[in-house]
Amino acid sequence: MNKPISLTEFILDEEKRFPKAKGNFTLLLSQLEYAGKIIASHLRKAGLVDILGKTGEKNVYEEEVVKLDQLSNDILLQTLTSSQQVHAVASEELEDIHVVEKHNGEYLVFLDPLDGSSNVDVNLTIGTIFSIYHRSDSLLQPGNKQVASGYILYGTSVMFVYTSGKGVHGFTLDPSIGTFLLSHPDIRIPDEGDIYSLSEANSIGFDGPMTSYLQSMKQGRKQLKARYSGTMVADMHRVLLKGGIFLYPSDPVHYPEGKLRLLFEVNPLSFLIQHAGGKAVCRRGNPLEITPESLHQRSDIAIGSRKNVEEYESFLNG
Ligand code: P6P
């Protein structure tokens with residue numbers, strides 16, 4: 001029987017693709033893996049110790065911060081700093097970019113430490129989203145400059161899914177040995193799928209094209225499945241593996257610019273989906289081509305199987 005490949009072994013093997021690589025990226029990704037294991041261990045016992053619930057504070061988006069948001073953010077900051085490979089870290093939970101003065105790190109890391117954290121208290125799947133760039137003069141770079149992106153999914157099992165530009169690969173944590181093992185090599189998103197994932201609670205604010213698109217799907221050619229959990233990274237993982245489309249449209253009533261964060265959610269998942277053969281669009285076109293104007297900038301998004309996204313685009317472009 002072939003020995004399963006660990007995440008560390010896989011990253012080291014990938015490193016050989018880069019003759020000048022000095023192992024810095026491998027160190028960085030290994031520290032992200034380490035942070036994921038620590039966060040997962042806290043989540044497993046969250047109902048038993050006093051780390052559920054809210055902190056009573058609000059983040060920069062005026063969203064209530066839950067204790068595990070802060071704990072996850074702190075764990076990631078500490079582990080990434082100790083990798084000695086990071087010049088700066090930006091997080092949904094931090095108003096400003098955190099520059100790591102003591103190391104001359106090569107990388108910038110953007111984090112959503114605990115995406116979907118409102119689901120923690122009801123024991124639903126949540127995740128950590130990460131986005132990695134080379135250090136540059138401008139901290140705010142278009143998403144197509146990402147070196148790597150991915151997520152750690154805290155669900156029925158803990159998964160580490162990432163791309164560094166050559167395919168998308170999924171690893172599942174074997175708790176008996178505390179190691180992520182390759183379980184989903186070279187994930188390719190189906191070209192079309194029957195899942196659509198969006199919050200229809202906002203539909204009162206949807207414009208004509210979006211309303212027509214939604215109607216067309218419900219009266220359309222085949223039985224579709226509506227799946228929406230309130231955790232983007234969980235809904236996106238389902239779309240990645242089974243095909244379909246995830247949408248968070250902008251709407252003048254609730255989110256004129258869209259709700260999701262360009263740098264912390266939209267870009268990392270758009271970069272990953274693109275490398276799995278899928279597509280991502282927003283009203284401004286390809287989100288990965290947008291040069292961000294601000295750290296916490298929001299965007300609308302439609303992302304998933306190429307045919308599903310192109311069908312959406314046909315309505316969007318009239
Ligand atoms: P709503 C979680 O707060 C998040 O950023 C995404 O993970 C998720 O898809 C979305 O917001 C949920 O938003 O408006 O449905 O609660």
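Strands are taken here as DSSP runs of E spanning at least two residues and are numbered from the N terminus; on this basis, Asp186 of the predicted model falls in the loop between strand S10 (179–184) and strand S11 (195–197). The phi angle of Asp186 is positive, at about 45°, although the residue is not a glycine. With a relative accessibility of 43%, Asp186 counts as partly exposed, because that class lies between the limits of 20% for buried and 50% for exposed residues.

A positive phi is also found for Asn123, where the angle is near 60° in a residue other than glycine. Asn123 belongs to the loop between S5 and S6, and its relative accessible area of 71% places it in the exposed class, for which the value must be over 50%.

The domain assignment of the chain yields domain 1, covering residues 7–184, and domain 2, covering residues 195–317. The centres of the two domains, taken over C-alpha atoms, are separated by 23 Å, and the contact between them draws on 43 residues from domain 1 and 31 residues from domain 2. About 2,800 Å² is buried between domain 1 and domain 2, with carbon and sulfur atoms giving 64% of this area. On the side of domain 1, the residues that lose the most area to domain 2 are Tyr61, Leu140 and Tyr151, which together account for 21% of what that side buries.

Polar interactions between the domains were also counted. Between domain 1 and domain 2 there are 13 residue pairs in polar contact, with both residues of each pair at pLDDT 80 or more, and the count of salt bridges between the two domains is one. A salt bridge is formed by Arg261 and Glu92, whose closest N and O atoms are 3.3 Å apart.

In terms of secondary structure, the side of domain 1 that touches domain 2 receives at least two residues from each of strand S3 (86–91), strand S5 (107–115), strand S6 (126–134), strand S7 (146–154) and strand S8 (158–163). Of these contributions, that of S7 is the greatest, amounting to seven residues. When the residues are sorted by class, the side of domain 1 that touches domain 2 comprises 21 nonpolar, 16 polar and six charged residues.

Terms used:
Residues are numbered from 1 along each chain as its sequence is written. This is a predicted model: local features need pLDDT of at least 70, side-chain atom pairs count only at pLDDT 80 or more; totals for chains, interfaces and linings use all residues. Side-chain values use heavy atoms; hydrogens and water are left out. Domain bounds come from an automatic or database domain assignment. Contact means heavy atoms within 4.5 Å. Buried area is the accessible area (1.4 Å probe) that two parts lose on being put together, summed over both. A salt bridge is a side-chain nitrogen of Lys or Arg within 4 Å of a carboxyl oxygen of Asp or Glu. A polar contact is a pair of N or O atoms within 3.5 Å; within protein, one must be able to donate a hydrogen and the other to accept it, and residues adjacent in sequence count only if both atoms are side-chain atoms. Helices (H or I, at least four residues) and strands (E, at least two) are DSSP runs, numbered from the N terminus. Ala, Val, Leu, Ile, Met, Phe, Trp, Tyr, Cys and Pro count as nonpolar, Asp, Glu, Lys and Arg as charged, and the others, Gly among them, as polar. Buried means under 20% relative accessible area, exposed over 50%, partly exposed in between (1.4 Å probe, protein chains only).
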